[in-house]
Amino acid sequence: MTVESGTLPPSAVESMFDRIAPVYDVMNHVMTAGLDRRWRRLTAESTVRSGDRVLDACCGTGDLALACERAGGRVVGLDFSERMLERARRKSATVEWVRGDVLELPFEDGSFDAATVGFGVRNVADLERSLRELRRVLRLGGRLGILEITSPRGPLKVFYRLWFDRIVPLVGKLLRGGSAYTYLPASVRRFPGPEELAALLERAGFAEVSFRLLAGGIVALHEGQAR
């Protein structure tokens, strides 16, 4: 398990995100040319209905949780990085921020009407287990939205590889915890493609699974309903 391979043990991932918490928001905006805000809003609006109790898992500094709240949800944001949660708490006193692991969610079965994950599932040690846990805490018919970076296959592929595999790590080296920006592109390369992730969602207990490719295929938004 190495930074370069995009696979790290959970303790190393937690430590890495603790280190990069101060620059996480800025780097997200830089890496996506500011489009991450629009993608989070789309995820929230596609997944959340007014009055829903919503879990935003792997919430990081809380931007997707806030988007879910603006969409009308009563939101719980969960992350295992305390430094990330410290920054999330500064953004909202109305979201319930919880430290916890998506592999062992500290909630009862069927606790939520909707769940979201933004740029987080590729970092978990056991992807299938995390999807089963998300299914467990959703009520029957509850909605799941997963927003994740993927590898484009069309005309943007060459530009993407140059930007995300070369330039982003170089920029990251100038910042605290810069090795993370070598790990993050590598974690995308070894992550399942959109069709495979859709199949994993179905296997984990989700129906009506679909995905949309955004920004020329750089990002995928997967949606499904708990069955």
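Biologist: Okay, I'm taking contact to mean heavy atoms within 4.5 Å. With that in hand, what does Leu134 touch, leaving out residues up to four places away in sequence?

Modeller: This is a predicted model, so keep that in mind throughout. Leaving out those sequence neighbours, Leu134 touches Leu55, Ala57, Val102, Leu105, Ala115, Val117, Leu144 and Phe206.

Biologist: Which residues have the most contacts inside the largest nonpolar core?

Modeller: Leu134 is one of them, along with Leu55 and Leu131. That core holds 31 residues.

Biologist: And which elements give two or more residues to it?

Modeller: On the strand side, E1 (53-57), E2 (74-79), E4 (112-118), E5 (138-149) and E6 (206-214). The helices that do so are H5 (127-137) and H8 (194-203).

Biologist: What lies apart from that core?

Modeller: Another core, of 15 residues, with Ala44, Val54, Leu64 and Leu66 among them. As a rule, nonpolar side chains in soluble globular proteins tend to be buried together.

Biologist: Let me zoom out. How many helices and strands are there?

Modeller: Eight helices and seven strands. The protein has 227 residues, and 55% of them are buried.

Biologist: How much area does the protein expose?

Modeller: About 10,100 Å², with carbon and sulfur atoms supplying 53% of that. As for contacts, take those with a separation of 6 or more: residues 24 or more positions apart account for 67% of them.

Biologist: Back to H8. Which of its residues are buried?

Modeller: Pro194, Leu197, Ala198, Leu200 and Leu201. Looking down the axis of H8, you'd see these buried residues fall within an arc of 160°, so they line one face of the helix.

Biologist: What covers them?

Modeller: The cover includes H5, E5, E6 and strand E7 (219-226). After H8 comes Gly205, with a positive phi near 115°.

Biologist: E7 sounds worth a look. Is E7 mostly covered or mostly open?

Modeller: Mostly covered: seven of its eight residues are buried. E7 runs antiparallel to E5, and seven bridges join the two. Arg143 stands opposite Gln225 of E7.

Biologist: How many bridges join E6 to E7?

Modeller: Seven, and that pair runs antiparallel. Leu214 stands opposite Val219 there. E6 and E7 form a hairpin with four residues between the strands, and in it Ala215 takes a positive phi near 55°.

Biologist: Tell me about Val219. Buried or exposed?

Modeller: Val219, in strand E7, is buried, with a relative accessible area of 0%. Not counting residues up to four places away in sequence, Val219 touches Trp39, Phe119, Leu147, Glu148, Ile149, Thr150, Arg212, Leu213 and Leu214.

Biologist: How many residues apart in sequence are Val219 and Phe119?

Modeller: 100, and their C-alpha atoms are 9.4 Å apart in space. Phe119 sits in the loop between E4 and H5. Phe119 is buried, at 9% relative accessible area, and its phi is positive, near 55°.

Biologist: Where else does a residue other than glycine have a positive phi near 55°?

Modeller: Cys58 is one. You'll find Cys58 in the loop between E1 and helix H3 (63-70). In general, most residues other than glycine have a negative phi.

Biologist: Speaking of cysteines, how many disulfides are there?

Modeller: Zero. A disulfide needs two cysteine sulfur atoms within 2.5 Å.

Biologist: Why doesn't Cys59 have a bond?

Modeller: Because its sulfur is 8.2 Å from the closest cysteine sulfur, that of Cys58, which is too far for a bond. Cys59 counts as buried, with 7% relative accessibility. Cys68 is buried as well, with a relative accessible area of 0%.

Biologist: Last one: where is Thr43?

Modeller: In helix H2, residues 36-47. Thr43 is a polar residue to look up in the view, and its relative accessible area is 0%, so Thr43 counts as buried.

Biologist: And what does Thr43 touch, beyond residues up to four places away in sequence?

Modeller: Leu64, Thr116, Gly145, Leu147 and Leu221. Leu147 also turned up among the residues that Val219 touches.

Conventions:
Residues numbered from 1 in each chain as written. Predicted model: local features only at pLDDT ≥ 70, side-chain atom pairs only at ≥ 80, totals over all residues. Heavy atoms only, no water. Core = buried A, V, L, I, M, F, W, Y, C linked by side-chain atoms within 4.5 Å. Buried < 20%, exposed > 50% of the residue type's maximum accessible area, 1.4 Å probe, protein only. Areas by Shrake-Rupley, 256 points an atom, 1.4 Å probe, with all protein chains shown as cover. Arc of directions from axis to C-beta. Pairing = 2+ DSSP bridges.
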